[in-house]
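Thanks for making time. I will go through one structure, starting with a term and then moving from part to part.

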Amino acid sequence: MQFHQLQYFVAVAETRHFTRAAELMHVAQPSLSQQIKALERELGADLFLRARGNITLTDAGEALLPLARRILADTDTARQEVQELVQLRRGRVRLGATPSLCTGLLPDVLRAFHDSYPGIRLLIEEGGSHDLVRELARGALDLALVVLPLPTPSPALTTVEVLREDLVVVSSPEAPAPGGGRRTVRIADLEGERLVMFRHGYDLRELTVAACRAEGFEPDFAVEGGEMDAVLGFVRAGLGVAVVPRMIATRSGRGLRVTPLARPGLHRTIALAHRSDVAPPRAARELQRMLLDR
């Protein structure tokens, strides 16, 4: 099995067209087809069902595709690692993070990293923990900041706790204060309040809904489906209240009333994750150190 054969295979799988795949790989179409056939002989199975105008993967092709993508991603990471200079003058770091962490935790750390290593490109991908874990597993990210516990435990990932963050209730100063204006609010006090709720797949949504159900009630949504900036904007407009990380509330406090949750409150644990079977590139390891030492 040759590396370029896997490249050709992935190109055909993604374009579903041999000619377009050949153009993408800058090779002649007959040469690409011959290499795919050689790969099929090596594996002892057809990878594609070939019909005029319709190229589909066989079961063997479906099984090979994620493995081939991971091999290519790992090779790309190895190439980047070798090409980096000892002084970290150039390279890249692919970092995933939930949207709230991109707003709250990352700006100061990334600014310090960029000041120390201006030649390193920072590629940031926002997503929920479930999506970020999947991207890590397939080699598309070097590091990811995720919320623990992970949606699906993954023995292939190594996680290191970065921080444990309190959640607070935010509301519009022009609206009645939640909990009757007390200095702290219990989760039970949110029964009857209209909540501004994040989209499905957002870690804070699952945490808030689970906490309400543990108190014996279903939360009442005034509006749902937003990302962090949208949720805060809807709260400022008086549409309802929201449960958000304290760091976000502190940074975005203008136009918001911030009320702590009564003990034991709600918390979330943030961890830095990377694949266990592949060491992060040197630049990623340096960013990891800065996040843990912040």
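A residue is called buried under 20% relative accessible area, exposed over 50%, and partly exposed in between. Keep in mind that this is a predicted model.

With that, take the salt bridges. Side chains of opposite charge can pair when their charged atoms come close. The count here comes to 20 salt bridges. I will show three of them and then a network.

One is between Arg69 and Glu14, where the closest N and O atoms are 3.3 Å apart. Arg69 sits in helix α4, residues 59-83, and Glu14 in helix α1, residues 3-15, so the pair links distant parts of the chain, 55 residues apart. Is Arg69 buried, exposed or in between? Its relative accessibility is 31%, so Arg69 counts as partly exposed. Glu14, at 48%, is also put in the partly exposed class.

The next is Arg50 with Glu40, and here the closest N and O atoms are 3.2 Å apart. This pair connects strand β1, which holds Arg50, to helix α3, residues 29-43, which holds Glu40; the two residues are 10 apart in the chain. Arg50 has 40% relative accessibility and counts as partly exposed, whereas Glu40 has 8% and counts as buried.

Then there is Glu224 with Arg205, with 2.8 Å between the closest N and O atoms. Glu224 belongs to strand β8, residues 220-226, and Arg205 to helix α8, and 19 residues separate them. Glu224 is partly exposed at 44%; Arg205 is buried at 6%.

As for the network, salt bridges link Asp74, Arg275 and Asp277.

Now the aromatic residues. A pair of aromatic rings is described by the distance of the centres and the angle of the planes. How many aromatic pairs does a search of the whole structure find? The search finds four.

Among them is the pair of Phe18 and Phe48, which is edge-to-face, with 5.8 Å from centre to centre and 70° between the planes. Phe18 lies in helix α2, residues 18-25, and Phe48 in strand β1, residues 48-51, so this contact ties together parts that are 30 residues apart in sequence. Phe18 is buried, with a relative accessible area of 10%, and Phe48 is buried at 2%.

Another pair is Phe113 with Tyr117. Their ring centres are 5.2 Å apart and their planes stand at 50°, so this pair is classed as tilted. Phe113 has a relative accessible area of 0% and is buried; Tyr117 has 17%, and it is buried because the cut-off is under 20%.

Going back to Phe18 and Phe48, these two join Phe9 in one aromatic cluster.

Next, strand β3. The strand covers residues 91-97, and seven of its seven residues are buried. In a regular strand the side chains alternate between the two faces of the sheet. In β3, Gly91, Val93, Leu95 and Ala97 point one way, while Arg92, Arg94 and Gly96 point the other way. Both sets are buried, the two arginines included.

Which strands does β3 pair with? One is β4, residues 120-126, which runs parallel to β3 and is joined to it by seven bridges. Within that pairing, Arg94 has Leu123 of β4 as its bridge partner. Another is β5, residues 143-148, again in the parallel sense, over three bridges. There, Gly96 of β3 is the bridge partner of Ala144.

That leaves the pockets. Rolling a probe the size of a water molecule over the atoms shows where empty space is left. The largest pocket has a volume of about 220 Å³. It is lined by 14 residues, and the closest to its centre are Val147, Pro149, Asp203, Glu206 and Leu207. Three elements give two or more residues to the lining: α7, residues 129-137, β5, and α8, residues 203-214. The largest share, three residues, comes from α8. Sorted by class, the lining has seven nonpolar, four polar and three charged residues.

Two elements came up twice. Strand β5 pairs with β3 and also gives residues to the pocket lining. Helix α8 holds Arg205 of the salt bridge with Glu224 and gives the pocket lining its largest share.

Conventions
Residues are numbered from 1 along each chain as its sequence is written. This is a predicted model: local features need pLDDT of at least 70, side-chain atom pairs count only at pLDDT 80 or more; totals for chains, interfaces and linings use all residues. Side-chain values use heavy atoms; hydrogens and water are left out. Buried means under 20% relative accessible area, exposed over 50%, partly exposed in between (1.4 Å probe, protein chains only). Helices (H or I, at least four residues) and strands (E, at least two) are DSSP runs, numbered from the N terminus. Two strands pair if DSSP finds at least two bridges between them. On a 1 Å grid over the protein atoms alone, a cavity is a set of points where a 1.4 Å probe fits but cannot get out, and a pocket is an open set with protein on both sides within 12 Å along at least five of seven lines; lining residues have an atom within 4 Å of a point. Grid points are joined across faces, edges and corners, and a volume is the space filled by probe spheres set on the points. Ala, Val, Leu, Ile, Met, Phe, Trp, Tyr, Cys and Pro count as nonpolar, Asp, Glu, Lys and Arg as charged, and the others, Gly among them, as polar. Rings of Phe, Tyr and Trp (its six-membered ring) pair if their centres lie within 6.5 Å; planes under 30 degrees apart count as stacked, over 60 as edge-to-face and the rest as tilted. A salt bridge is a side-chain nitrogen of Lys or Arg within 4 Å of a carboxyl oxygen of Asp or Glu.
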